[in-house]
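Thanks for coming, everyone. I'll walk you through one structure today. Please have it open while I talk.

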Amino acid sequence: QLTPNPHHPILFDHTTDHIPGMVLLEAAHQAATAHTHPTPTTHPTTLHATFHHYTEHHTPTYITTHTTTTNQTPTTHITAHQNNTTVFTAQLTTHTPTDT
């Protein structure tokens, strides 16, 4: 469940607005990191995000993830739901750096 701090000085400019897109992007990053843990350290290479609806403060928002792999490249799919409605989706592609 998404539980942002509405008093964060960077992510919120006032507490009565909708949940900002930056909060959902940070939630996507954290969810992808938690989902892929404890795999080796990966670095994001691409992010595709779609904001489908405003995300309200007063209604629980749930974040889900799953991963697919194409050509040995993992992509984590992140979805945010509120009231059984998709409010945000993202696909985060990562790579594992190799030693040179």
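First, a term. A residue is called buried when its relative accessible area is under 20%, and exposed when that area is over 50%. Keep those two cut-offs in mind.

Now, what are we looking at? This is a predicted model. The mean pLDDT of the protein is 86. Of its residues, 91% reach 70 or more. Confidence is highest in strand E3, residues 73–82, with a mean of 93. Confidence is lowest in helix H1, residues 21–36, where the mean is 88.

Let's start with that helix. Which residues of H1 are buried? They are Val23, Leu24, Ala27, Ala28, Ala31 and Ala32. What do they pack against? They meet strand E1 (43–51), strand E2 (62–70), E3 and strand E4 (85–95). H1 lies across E1, E2, E3 and E4. Its direction makes an angle of about 55 degrees with E2.

A quick check on the helix length. H1 has 16 residues. At 1.5 Å a residue, they should span 22 Å. The end C-alpha atoms are 23 Å apart, so the two values agree.

On to the sheet. Four strands make an open sheet, and the order is E1-E4-E3-E2. The pairing is antiparallel. E1 and E2 are the edge strands, each pairing on one side only. On average, neighbouring strands here are turned by 20 degrees against each other, direction ignored.

Look at the E3 and E4 pair. How many bridges join E3 to E4? Eight, and the two strands run antiparallel. One pairing to find on screen: Ile78 has Ala90 in E4 as its bridge partner.

Stay in E3 and go to Thr76. Is Thr76 buried or exposed? Its relative accessible area is 3%. The cut-off for buried is under 20%, so Thr76 is buried. Its side chain joins that of Thr67 in a polar contact of 3.4 Å. What else does Thr76 touch, leaving out residues up to four places away in sequence? Among its contacts are Ala32, His35 and Thr36. Thr65 and His66 are also included, and so is Thr67. Ala90, Gln91 and Leu92 complete the set. Ala32 is one of the buried residues of H1 that I named earlier.

Now the loops. Asn71 is found in the loop between E2 and E3. Its relative accessible area is 73%. The cut-off for exposed is over 50%, so Asn71 is exposed. Compare its position with that of Leu24 in the helix. Asn71 and Leu24 are 47 residues apart along the chain. Their C-alpha atoms are separated by 28 Å.

Last stop: the loop between E3 and E4. Asn83 sits there, and Asn84 lies in that loop too. Are they buried or exposed? Asn83 has 61% relative accessibility, so it counts as exposed. Asn84 has 82%, so Asn84 counts as exposed as well.

Check the backbone there. Most residues other than glycine have a negative phi. Asn83 has a positive phi, near 55 degrees. For Asn84, phi is positive too, near 60 degrees.

To recap, H1 lies across the four strands E1, E2, E3 and E4. Thr76 is buried in the model, while Asn71 is exposed. That's the tour. Over to you.

Conventions. Residues are numbered from 1 along each chain as its sequence is written. This is a predicted model: local features need pLDDT of at least 70, side-chain atom pairs count only at pLDDT 80 or more; totals for chains, interfaces and linings use all residues. Side-chain values use heavy atoms; hydrogens and water are left out. pLDDT is the predictor's confidence in each residue, from 0 to 100. The expected span of a helix is 1.5 Å times one less than its number of residues. Buried means under 20% relative accessible area, exposed over 50%, partly exposed in between (1.4 Å probe, protein chains only). Contact means heavy atoms within 4.5 Å. A polar contact is a pair of N or O atoms within 3.5 Å; within protein, one must be able to donate a hydrogen and the other to accept it, and residues adjacent in sequence count only if both atoms are side-chain atoms. Two strands pair if DSSP finds at least two bridges between them. Axes are lines fitted to C-alpha atoms, for helices over the stretch in contact, and angles run from 0 to 180 degrees between N-to-C directions.
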